[in-house]
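Biologist: Please show me the model, and let us then discuss it by question and answer.

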Amino acid sequence: MQTIHRLTLDDALVVLRAAEAEAERIGVRQTICVADDGAHPIALHRMTGARLTGVEIAIAKAFTAAGHQRATHLFNEAPDGPALPGNEAFGIQHMHTGRFTVFVGGFPLVHDGQVVGAVGISGGNGEQDKAVGAAALAAFEQHVAGAVPA
């Protein structure tokens, strides 16, 4: 038998708010999507002034990170990134057309060694998206560490 952890809206809002706070702190307008372990959005927020295209991009980043249980940028990190030319998953972004992405900004949410969802961030450059993702992940870890088991 297995224990399955599920994200709630309250959990997702903790992640979203932390990501938004970091984006505000560094001065970048982001779109943030928090998805569950099935890669379905739970919470989505496009900050005022964020690009309109960021909505679909943030959703795709969360989908990829949840579905493949890894940060999206790891697909393209040299030398062993599986989506790099010549590597085993080259072209994987053409699967699930429009939903799968291999660039920076998607991060799995892990609790008890289990991917329980993901956060997708769009609107900054790679370093900005990573900084906002790091803040979101840290807030999630702190939140679940303080959670009382049911």
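Biologist: Which residue forms a salt bridge with D129?

Modeller: This is a predicted model, in which local features need pLDDT of at least 70, side-chain atom pairs count only at pLDDT 80 or more, and totals for chains, interfaces and linings use all residues. Residues are numbered from 1 along each chain as its sequence is written, and side-chain values use heavy atoms, with hydrogens and water left out. A salt bridge requires a side-chain nitrogen of Lys or Arg within 4 Å of a carboxyl oxygen of Asp or Glu. With closest N and O atoms 3.2 Å apart, the partner of D129 is K61.

Biologist: How many residues apart in sequence are the parts that this pair, D129 and K61, ties together?

Modeller: Helices are DSSP runs of H or I with at least four residues, and strands are runs of E with at least two, numbered from the N terminus. D129 lies in helix α3 (residues 126–145) and K61 in helix α2 (residues 54–68), so the parts tied together are separated in sequence by 68 residues.

Biologist: Is E77, which forms a salt bridge with K130, buried or partly exposed?

Modeller: Buried means under 20% relative accessible area, exposed over 50%, and partly exposed in between, using a 1.4 Å probe and protein chains only. The relative accessible area of E77 is 36%, so E77 is partly exposed.

Biologist: In which sense do strands β1 and β2 pair?

Modeller: Two strands pair if DSSP finds at least two bridges between them. Strand β1 (residues 31–36) and strand β2 (residues 41–46) share 5 bridges, and their sense is antiparallel.
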